[in-house]
Structure formats: structure tokens, C-alpha cells
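Subject: Structure handover

Hi,

Here is the structure I promised to pass on. Please open it alongside this note.

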Amino acid sequence: MKKLKADMIKAKFDEIFENRTEQEQLKLDAYMLMAAFLSEIEIILEHEKISKKTLAQKIDTSPSYLTQVFRGDKPLNFMTLAKIQTALNIQFETRALKNQTTRPTSFKKTPFKKRQKEMASY
Amino acid sequence: MRRNFIVLRRSRRYNRTIGVDIAVAEEILQFLGSSRKYIEKTDYLFHRILEHRNIYFDNYKRIKTFQRVHISEIRIFPNGDNCRIYCCEVNDKNNLQHIIMAKLLIKKKDREITKKIEQQLEVLKNYQYEEAKSGYDQSQI
């Protein structure tokens, strides 16, 4: 078996994960934001012993859609989030913090129609 | 059985890391690197596992508990090709929880854990992990 140094392995993993396009980075950021909400929702579901199927019924959506959202295969939209908030009788608190590291503050403008296409493909 | 792992990512909020067993690193690397969709989803799952209060969710579950080690699985696309990465969860002396990717199962046909997989997981419980620091060379084993 090919012998690899630990540093080399780490570098190779870093390379495949950090080599993101602008769109992939934005998509990841969007899913990470979504994860913050989903994680809190899951804690409440577990605590109150509510299944995702029951939650789907409460918010009048299909269980398969909700499963896909919780698995990170589909984006969570804010209307669904608002419905979940009402169904579970909870309120999300948000707080914005300045990044410690520098990240690009502006991206090249993408035409709206192209953006719509991209969003549809997510 | 002594094994070595490297830390790939560390949580910014919690005492958790995600690492990989050096012996299977290349296999996992090749598998993930074979498609952008695997990279994107794994990237998201790593973030989800590391940066949130509840570590377990649909795509990451603890499946076995042994005395020294817990076995968990990362399911990248449960509805797709159903590939899984089995992990060993170990705590070090500083109470840092390491989630170490230890076995890749590319094609899993059944939803249940078969006897064959059960045997493979039994092997994982005997692994004694040690972190390979920077500059480590596997050829030195």
C-alpha cells in the first residue's frame, strides 16, 4: 500500500474540500445557515417526542420533503421555517457576529435569471 | 490493535474533531474525490457534526456502544447509493472527542446491519487510536 505522510493526507483532504467555486461556497454557506435552524428544531422534536412525520402533518407538507430538508438534500425555505416555528410554539433568536478572518465581501453579480436557474437546481 | 489517525477538522465551538484512520485515508479520499456531490455533501455533514449542539441527526448516528469506543456512521446519501463511512468515537485524555472515519462501505444494499457488517464493526471496537502529529510517516510503523 502506498505510504503517505500524515501531512500529505491532511493536505490532500484540505485540497479537495477547500477547492470550492464561488457558487459552491455560497451553497455551503446557505446550508450551514440552514443547519443552525435544523439542529435547534431537532433538539425540540426529540425533547417533545414529536416525529418528523407528525411535524410534516402539522405544517401541511409531505414527510418526504421534510426528510430531504433534514438530510441536507433540499433547502429549507423561510415559509416552512415560519410554519415550524408556529407548529412547535417556538421563536428563533438571531445574532450576527463579525468574522475574525477576512472573506470576500462582494461577489460578482450573477444575472437574476441565471440565479433563479441555479437556485432551482439546488 | 494500535491504529493512527489524523485530525482533519476541529470544531470552533465544541470539544470535537473529525479525523481519519491513516490506513483507510487514501481509500476514503479517493471515494470522496470521485465526485463533487460527495465532496459538497460531506463538507456540509462535517460542519453539521462539528458545529451544532446535537451531534446526531439523520445522516450521522451512533450505532454501537462498546466499553472504550462508540461506533457511528456517516450516511452521505441515504436515499441514493447508500454509501456509509463507519467511525470510531473516542475521547482523549483532554476530553476531546475524536470522530475517526475508520471504514468505508461503498455499497450497502440492506437497511439493517448484516452479520458480515456486524463482524467488521466488531473489529473496530478493538482499535486503539493514537493521533499522528505533524511530520508522522506511516512507513515508520
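Below is what I found, chain by chain and then across the contact.

One caveat up front: this is a predicted model.

Chain A

Chain A is helical. It holds six helices and zero strands. Read from the N terminus, the order is α-α-α-α-α-α. The chain has 122 residues, and buried ones make up 14% of them. I also looked at contacts in chain A with a separation of 6 or more. Of these, 54% link residues 24 or more positions apart.

Chain B

Chain B carries an open sheet of seven strands. Their order across the sheet is E3-E4-E5-E6-E2-E1-E7, with mixed pairing. E3 (60–65) and E7 (128–131) of chain B are the edge strands, and each pairs on one side only. From one strand to the next, the twist averages 40°.

One pair is worth a look on screen. E1(B) and E2(B), the latter spanning residues 16–21, run antiparallel and are joined by five bridges. Within this pair, B:Phe5 stands opposite B:Asp21 of E2(B). As background, strands of a sheet pair through backbone hydrogen bonds, either parallel or antiparallel.

The contact between the chains

How many residues does each chain give to the contact? Chain B gives 29 and chain A gives 23. On the chain B side, three elements supply two or more residues each: strand E1 (2–10), helix H1 (22–33) and helix H2 (36–51). H2(B) provides the largest share of that side, with seven residues. By type, the chain B side splits into 12 nonpolar, nine polar and eight charged residues. So E1(B) has two roles here: it pairs with E2(B) in the sheet, and it gives residues to the side that touches chain A.

A residue to check: A:Phe13

A:Phe13 sits in helix H1 of chain A, which covers residues 6–18. Is A:Phe13 buried or exposed? It is buried, because 22 other C-beta atoms lie within 10 Å and the cut-off for buried is 20 or more. Which residues does A:Phe13 touch, leaving out those up to four places away in sequence? They are B:Leu8 and B:Leu29. Residue 8 falls within the span of E1(B), 2–10, and residue 29 within that of H1(B), 22–33.

If you want one place to start, select A:Phe13 with B:Leu8 and B:Leu29. Then go on to the strand order of the sheet in chain B.

Best wishes

Definitions and conventions
Residues are numbered from 1 along each chain as its sequence is written. Chains are lettered from A and ligands numbered from 1 in the order in which they are written. This is a predicted model: local features need pLDDT of at least 70, side-chain atom pairs count only at pLDDT 80 or more; totals for chains, interfaces and linings use all residues. Two residues are in contact if their C-beta atoms, placed from the backbone, lie within 7 Å. Helices (H or I, at least four residues) and strands (E, at least two) are DSSP runs, numbered from the N terminus. Ala, Val, Leu, Ile, Met, Phe, Trp, Tyr, Cys and Pro count as nonpolar, Asp, Glu, Lys and Arg as charged, and the others, Gly among them, as polar. A residue is buried if 20 or more other C-beta atoms lie within 10 Å of its own, exposed if 12 or fewer, and partly exposed in between; C-beta atoms are placed from the backbone. Two strands pair if DSSP finds at least two bridges between them. Axes are lines fitted to C-alpha atoms, for helices over the stretch in contact, and angles run from 0 to 180 degrees between N-to-C directions.
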